[in-house]
Amino acid sequence: MGYNVTQKLIQDHLVKGEMKPGDEIGLKIDQTLTQDATGTMVMLELEAMGLDYRKTEASAQYVDHNLIQEDSKNPDDHLFLESAAQRFGLHFSRPGNGVSHPVHMQRLAKPGQTLLGSDSHTCANGCMGMLAMGAGGIDVAMAIAGEPFYVKMPEVWGVYVKGELPDWVGAKDVILEMLRRHDVKGGVGKVIEYYGPGLKELSAMDRHVIANMGAELGATGTVFPSDDVVKDYLKRQEREEDWIELVADKDADYDVHETINLSELEPLIAKPSSPGNVVPVREVAGEPIYQSYIGSSANPGYRDFAIAAEIVKGKSVANGVSFDLNPTSRQMLQDLVKDNHIASLLSSGGRLHQAGCNGCIGMGQAPATGRNSLRTTPRNFPGRSGTKEDSVFLCGPETAAASALYGKIVDPRDLGEYPKVEEPAHPTVDTSLLEYPLPEDEAKKVELVKGPNIASIPEMDELPDQLELPILLKMGDNISTDEILAGGARVLPYRSNLPEISKFTFEIVDDTYYNRAMDTKEQSGHAIVGGYNYGQGSSREHAALAPRYLGLRVAIVQDFARIHWQNLVNFGVLPLTFAESTEAEKIEQGDVIQFSGLREAMKNGETITAKLKDKNQEVQLRHTLSSRQVDMMLKGGLINWTKEKA
């Protein structure tokens, strides 16, 4: 039996474990990606480790999230990140250069390599024949220091693609169709690999769109082959020498099988407030909109903006509609200017913002309260837009542009003739805002530049053997990291200041949580209870760090999203699941849960029995930690474990 592309990538980088689905494996990491919302903590972790110089082939620090400079906090941190990139031998992408994922694809992505990023949408670069995965910042710090990345061996979900996209249907509709079929946890424990004759109809950037939102399916990663489409893309980026062919063997098989016929797809849209709440656009046509937003890493390509420009060319957007244009790379923006697409977008009434993540993570362009926002972004979790009571729909650029003209959701097929756009044969290649690594001898002389907003990570204590914890929250299913710790312009500037950023913890779920947690912090700490797919969404480790800082010791849920589960382990929060789903019915918010002999129980197996004080009831729980992770948890997290190992 031959290997598929995912298996080839894993086999080539396997340093520990066996390729058995569900078993923990260790992978050599070739490249890393960090962005400013998560990278500040990564750089502090590298400093704490005493790293001399990166051990990866290439690592890049991007500034794309916190671009608004309403005071000194963001620019101070930008200077810190630049100095840290110089000190540790990283590329540094300056503010305004663009979103990390498409810029990395343009300048650094290489077929056949592994990429680990402290951003959940790092999986976008799977479009280049890479194994690209999101992870918590400290996992990325360890990779930069040359340590393997540990993950459970995924199943490989083969998606056979045939046909070709009809007019008015784009790559975004492909991944929305996957979400329509499988919802936000359908990809958990899997790498999604696309193959088949239909791939020749999808450009490298189309593949980026599809791979990007594999994160919304909960997948470990998304993989495309490195074929002639990828070769052509690298050639146009003047990087043809980085191309290798990497395709599945003819007799390769997959653990899960699926087929998508591109010819049968229609324009799709995800209704509020989940990427999995997908319906055909025609079903919600006529809904009034306040905002139409084009851009983000989920539609970052030249075509995504050019097709919108052709749709609105010579026309004006409807009165009362904010038509927001969010360029994703400075390099691509220059091509849109040259080809007059920016002129068409602006003439129609568009509002042009700087190249970066911006409104995708609530950094500006927040919608009005109670008004519908139509966005080409990857997520519409509650409050992610920057507006607490938001109503965000996710769609492709065709639907977004057509709807902007009418002030309501429109099936773009109603517009008639489909405007065709072509990618530039010779796109702009611009590295003027991408700083290259210093040689190691020069790097060691660099001093880190620290502004007043940077605070060191507090020490974490070991896991106690006895715990008596109040349940401060009981939540439902699909709680996202945006709900655990919001992003946006109010919150993310404190990314390097844990005491301050923790004040926003769970505010969307329960705005009394912070004060109640502080009341228990110095006494016993506390626990929380959740449902299925707890911690979906962003990879930001602050969603584990901030609750831990406030005294969270144990999180008990039906099941976890992969990256958040790993982040909890890394920072010494014990992640447990209910042995049976009905066990959750025993626990209410306000109960006190007791653990006795916890350390020995964790060493001896997966089952842990807890008691509910004053209820005379036991609750059967499980952990799924490897022996390495059990040792890490007992020591209070990865930082303590690493120090002892060193």
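This note describes strand pairing and helix packing in a predicted model.

1. Basis. Residues are numbered from 1 along each chain as its sequence is written, and side-chain values use heavy atoms, with hydrogens and water left out. Because the model is predicted, local features need pLDDT of at least 70 and side-chain atom pairs count only at pLDDT 80 or more, whereas totals for chains, interfaces and linings use all residues.

2. The open sheet. Six strands (DSSP runs of E, at least two residues, numbered from the N terminus) form an open sheet in the order β7-β6-β3-β4-β5-β20, with mixed pairing. β7 (131-134) and β20 (434-435) are at the edges with a single partner strand each, so one side of each lacks a neighbour in the sheet.

3. A parallel pair. Strands count as paired if DSSP finds at least two bridges between them. β3 (residues 31-35) and β4 (residues 58-62) pair in the parallel sense over 5 bridges, and Gln 31 stands opposite Ala 58 in β4.

4. Helices on the sheet. Helix α3 (residues 73-88; helices are DSSP runs of H or I, at least four residues) packs on the sheet and touches β4, β5 (91-93) and β20; contact means heavy atoms within 4.5 Å. The direction of α3 makes about 160° with that of β5, where axes are lines fitted to C-alpha atoms, for helices over the stretch in contact, and angles run from 0 to 180 degrees between N-to-C directions. Helix α5 (residues 137-144) lies across β3, β4 and β6 (114-117), at about 140° to β3.

5. Antiparallel pairs. β27 (residues 617-622) pairs in the antiparallel sense with β24 (residues 574-578) over 2 bridges; Phe 578 stands opposite Leu 621 in β27. β26 (residues 607-612) also pairs with β27 in the antiparallel sense, over 6 bridges.
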